[in-house]
Amino acid sequence: EGRHCHAMVVHRTYLHNLLALFLLTQLAIFFLYKFSLSNPETSNSHLTHRSFLYYEAQTISNRKSEGILSIKKGRGVLLFLHIQKVGGTSLWKTLAEKIPNHSVKPFKNLTYWYPWELNTDRYTRLSKFDGVFGHFMFGIHHAISPRPYCYITLLREPVARIASLYYYVKESFDEKQEAGETLADFVRYDKNNSFHMHNKDNGMVRMLCGPYAHIVPFLELNEEHYQCALRNLVEYFSVVLITEFYEESMIVLEKTFGWSNLSLLHENPTHARPPLEKESPATLAAIRTMNHLDIRLYDFAVNLFKAQIKNK
């Protein structure tokens, strides 16, 4: 029993010493960091927090520039992340005209994947194409490596996008039940087997965040998912276009890639759609509430786009 008590004391002393060592190490790191910020010699020889942020910004800028250059020289893969009902079919046709030999792999149906699937043949063969267009989740560039790549996407005002989605579903023979009689019915329809359930709940954030955001239950996306989508948009997308500025978007594409005479096509339009002003204010408010993260993302993207226009 005496030996047991002695062992417990030794063990407790060891834990106390380990804890003390950990705290001393943390204090040393803290003071070294503070010293590096205040000492010019140290801050010049080591990355401080500010210089790290600058280095990170330069890395992001270089990645985008290299992606654009790879498309100009015909070495890279153009990744067009096509969010549903943003007018992307028209852009798809325009971009395809600029891909050498029309070497484009299409994803016409919503495609979500998981990291362990990217090593399968379905995805590894994507690197053989010069363009990958379609409704795929962000992150598919991991399957393209080691070829360089360049992401572009097109965003649309969220309320208009959901209204367009409703009339598209309503015209579809297989999906009329989900559409209901009115836009309000479509917004309220939240059955678990609803094909467009996630698409009408911050669908742009879901696709730009990545595959795991797609499986988040209806109306359960949060700030973390928004920040994820925002970070991906800023860090990886060389060109972000806006449906409401479509002609200006063509100018951005021409200036960015050195293209000319891009066609202003209008493919896959939704027919017989009344103006949003005729929808009930309550329905429009419900759409805004349901898509509050998409609205924030869209507002940010519009400002980003205007900066692109200014720089071009």
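Student: Which helix does Tyr212 lie in?

Tutor: In this predicted model, Tyr212 sits in helix α10, residues 211–214.

Student: Why is Tyr212 called partly exposed?

Tutor: Its relative accessible area is 45%. Partly exposed runs between the 20% and 50% cut-offs, so Tyr212 gets that label. Tyr212 also joins Trp116 and Ile215 in a nonpolar surface patch of about 380 Å².

Student: OK, on to α6. How do you know that the span of helix α6 agrees with what it should be?

Tutor: Helix α6 covers residues 158–171, 14 in all, and at 1.5 Å a residue it should span 20 Å. The end C-alpha atoms are 20 Å apart, so the two agree.

Student: What makes α6 mostly covered?

Tutor: Of its 14 residues, 11 are buried, among them Ile162, Leu165 and Tyr166.

Student: Now the charged pairs. What makes Arg147 and Asp130 a salt bridge?

Tutor: Their closest N and O atoms are 3.0 Å apart, and the cut-off is 4 Å, so the pair counts. Arg147 is in the loop between β3 and β4, and Asp130 in the loop between α5 and β3, 17 residues apart.

Student: Why does Asp130 count as buried, and Arg147 as partly exposed?

Tutor: Buried means under 20%. Asp130 comes in at 17%, so it is buried; Arg147 has 21%, so it is partly exposed.

Student: What distance do Arg296 and Glu223 show in their salt bridge?

Tutor: 2.7 Å, N to O. Arg296 belongs to helix α14 and Glu223 to helix α11, so the bridge ties together parts 73 residues apart in sequence.

Notes:
Residues are numbered from 1 along each chain as its sequence is written. This is a predicted model: local features need pLDDT of at least 70, side-chain atom pairs count only at pLDDT 80 or more; totals for chains, interfaces and linings use all residues. Side-chain values use heavy atoms; hydrogens and water are left out. Patches are made of residues with over 30% relative accessible area and no salt bridge: like charges are joined within 9 Å, nonpolar side chains (Val, Leu, Ile, Met, Phe, Trp, Tyr) within 5 Å. Accessible areas come from the Shrake-Rupley method with a 1.4 Å probe; for residues, only the protein chains shown count as cover. A salt bridge is a side-chain nitrogen of Lys or Arg within 4 Å of a carboxyl oxygen of Asp or Glu. Helices (H or I, at least four residues) and strands (E, at least two) are DSSP runs, numbered from the N terminus. Buried means under 20% relative accessible area, exposed over 50%, partly exposed in between (1.4 Å probe, protein chains only). The expected span of a helix is 1.5 Å times one less than its number of residues.
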